[in-house]
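Colleague: I've got this one open on my screen and don't know where to start. Could you take me through one spot closely, and then show me how it fits with the rest?

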Amino acid sequence: MKIRYLSILFLIILSACGEKTNEKKVPVSEEQKVPHIVFVTGEEEYRSEESFPMLAKLAKRELGAKVSIAYSIDSLGYIDPNRSDHISGLEALESADLMVVFMRFRNLPKKERDYITNYVESGKPIVGFRTTTHAFKYDNDSTLAAFNEEWPAKVFGQQWITHHGHFDDGKYPVTTISIKDGKEENPILNGFSEFEAYSWLYHVDGGDWQLQGDSEPILMGHSTKSQHEINGKLDQFSLDNPVAWTKSYTGTSGKTGRVFFTTLGHPYDFKLPVMRKIAMNGIYWALGKENRIPEEGVNVTLETPFSPNNSGFGQKFKKKQKPITNF
C-alpha cells in the first residue's frame, strides 16, 4: 500500500514538472518583447550628451524599453564630448534591438568601432541624427578612409557636404520645417505641425549630390539665412533640402533593417515638443511599431524641465557631469 502511494506521488510530481517545462516553451512575440535601445552619443557640438538621456527616459516610459547610453568620457569618468578617441559603453550594442546615434568625427579604436559596425552589419534598425553623416574621421590611416565618407553615405544616406551657415546660433530659428508633399500619411509625422528649427540647414540633395540608396525624404527644410545665398551658390546648394528621411540598409548578415535619419539636432530644437515627437515617432517606426504611434504622436511630455546648454565647440558643455545610467 505504501509503495502504491509513493508511486502515485511520484507521478503527480513528474506531471507538475512537465507542465512547468511546457510553460517555459511558450514563445514571446516580437510585439511583447521589451526592446533594448542603445543611445550612442559622441559629438562635441550639439549637446547630445544632454538630449539623449532625455530621449532615453521617454523611450523607457512610453515603450517600456530597456535603455543604455554610451558616452564619450575622460579618464576620471566625467562626460567629455571633446574626447574623440573613446566612447564608453558600446558593448551594450551586442544585445541591442535599436541603435540611436549622434556622432561627429570620431577616431575610435578598432574594438569600439567594431561594436558599431558589427551592429550595423547585423541589419538591425538605426536612428541617426545630424552630424552622424560624418560619424568617423580617420586622417592618418588610409585603410580606414572609407569610414569618413563612403560608410555614412551607404548606411545613413549621405556624407558631410556643407550647411547654410552658423547664423544666430541659439538666438533665433533659421530653418522652416514642413512635410514633403505626398508624405502626410507617414506615421513618423503623426502629431507634426510646421515649425522653425534652430538647426541650420544641411545640404544633402541637389546640385552634384543626391541622397543614396532607397532614401525617401519625409520632411523638408527651408533656410531663412544662408551663406550660400550671399555667395551666389544657390544653383549648387538650394535653400530647400530634406531634413528627415527613411531608408533601409542590408548588412553583411543578409538582413535588411530600417533606418530613420534627420539632419536636425540643435539642442534647442529638442526643447520643442514637435522635435521630440519626430525623434520618438522615428524610434517607434524603426522598431517596426508604427501601429502603436498615436494619431497625435508619441507622448513627449517631460516630467522634468529640459534645459540644455547651447550648441558650440570648445568648453560649452556642462562640466563635471557623470554619465546617467539609472533610468
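**A close look at proline 81**

Modeller: Let's start with proline 81, which sits in the loop between strand 2 (66-70) and strand 3 (98-103). Bear in mind as we go that this is a predicted model.

Is proline 81 buried or exposed? Its relative accessible area is 3%, and buried means under 20%, so proline 81 is buried. What does it touch, once residues up to four places away in sequence are left out? The list is Glu43, Glu44, Glu49, Ser72, Arg106 and Phe317. If you click through those, you'll find Glu49 within the range of helix 2 (residues 48-63). There is also a link across the sequence: proline 81 and glutamine 315 are 234 residues apart along the chain, yet their C-alpha atoms are separated by 9.4 Å.

That sort of link fits the overall picture. Among contacts between residues at least 6 apart in sequence, 73% join residues at least 24 apart. The protein has six helices and 11 strands, and buried residues make up 52% of its 327 residues. Its C-alpha trace spans about 105 × 45 × 40 Å along the principal axes. The accessible surface comes to about 15,700 Å², and 51% of that belongs to carbon and sulfur atoms.

Since we've brought up helix 2, let's follow it to helix 6. Two packed helices are described by the angle between their axes and the distance between the axes. For helix 2 (residues 48-63) and helix 6 (residues 273-286), the axes come within 11 Å and cross at roughly 55°. An angle from 35 to 65 degrees falls outside the parallel and perpendicular classes, so helix 2 and helix 6 count as oblique to each other. Their crossing is right-handed. On the helix 2 side, the residues that meet helix 6 are Met54, Leu55, Leu58, Ala59, Glu62 and Leu63. Their partners in helix 6 are Arg276, Ala279, Met280, Ile283 and Tyr284. Sorted by type, the residues of this contact come out as nine nonpolar, no polar and two charged.

Threonine 301 ties in here too. You'll find threonine 301 in the segment after helix 6. Its relative accessibility is 52%, and the cut-off for exposed is over 50%, so threonine 301 counts as exposed. Beyond its sequence neighbours up to four places away, threonine 301 touches Leu58 and Arg61. Leu58 is one of the helix 2 residues that meet helix 6. Arg276, on the helix 6 side of that contact, is 25 residues from threonine 301 in sequence and 9.1 Å from it in space, C-alpha to C-alpha.

For another exposed position, try lysine 111 in helix 3 (residues 110-121). With 62% relative accessibility, lysine 111 counts as exposed. From lysine 111 to glutamate 91 is 20 residues in sequence and 9.4 Å in space, C-alpha to C-alpha.

Back to loops, with leucine 239 next. Leucine 239 is placed in the loop between helix 5 (227-230) and strand 10 (240-250). At 16% relative accessibility, leucine 239 counts as buried. With residues up to four places away in sequence set aside, leucine 239 touches His164, Leu201, Gly221, His222, Ser223, Ser226, Glu229 and Leu234. Tyrosine 138, by contrast, is 101 residues from leucine 239 in sequence and 31 Å away in space, C-alpha to C-alpha.

Two more loop residues are worth a click for their backbone. Arginine 130 isn't a glycine, but its phi is positive, near 40°. It belongs to the loop between strand 4 (126-129) and helix 4 (150-156), and at 1% relative accessibility arginine 130 counts as buried. Aspartate 168 likewise isn't a glycine and has a positive phi, about 50°. You'll find aspartate 168 in the loop between strand 5 (162-163) and strand 6 (175-179). With a relative accessible area of 23%, aspartate 168 is partly exposed.

So where does that leave your spot? Proline 81 is a buried loop residue, with Glu49 and Phe317 among the residues it touches.

Key:
Residues numbered from 1 in each chain as written. Predicted model: local features only at pLDDT ≥ 70, side-chain atom pairs only at ≥ 80, totals over all residues. Heavy atoms only, no water. Helix = DSSP H or I, 4+ residues; strand = E, 2+ residues; numbered from the N terminus. Buried < 20%, exposed > 50% of the residue type's maximum accessible area, 1.4 Å probe, protein only. Contact = heavy atoms within 4.5 Å. Axes fitted to C-alpha atoms, helices over the stretch in contact; angles between N-to-C directions. Parallel < 35°, antiparallel > 145°, perpendicular 65-115°, else oblique. Left-handed = near helix turned anticlockwise from the far one by under 90°. Nonpolar A, V, L, I, M, F, W, Y, C, P; charged D, E, K, R; others polar. Areas by Shrake-Rupley, 256 points an atom, 1.4 Å probe, with all protein chains shown as cover.
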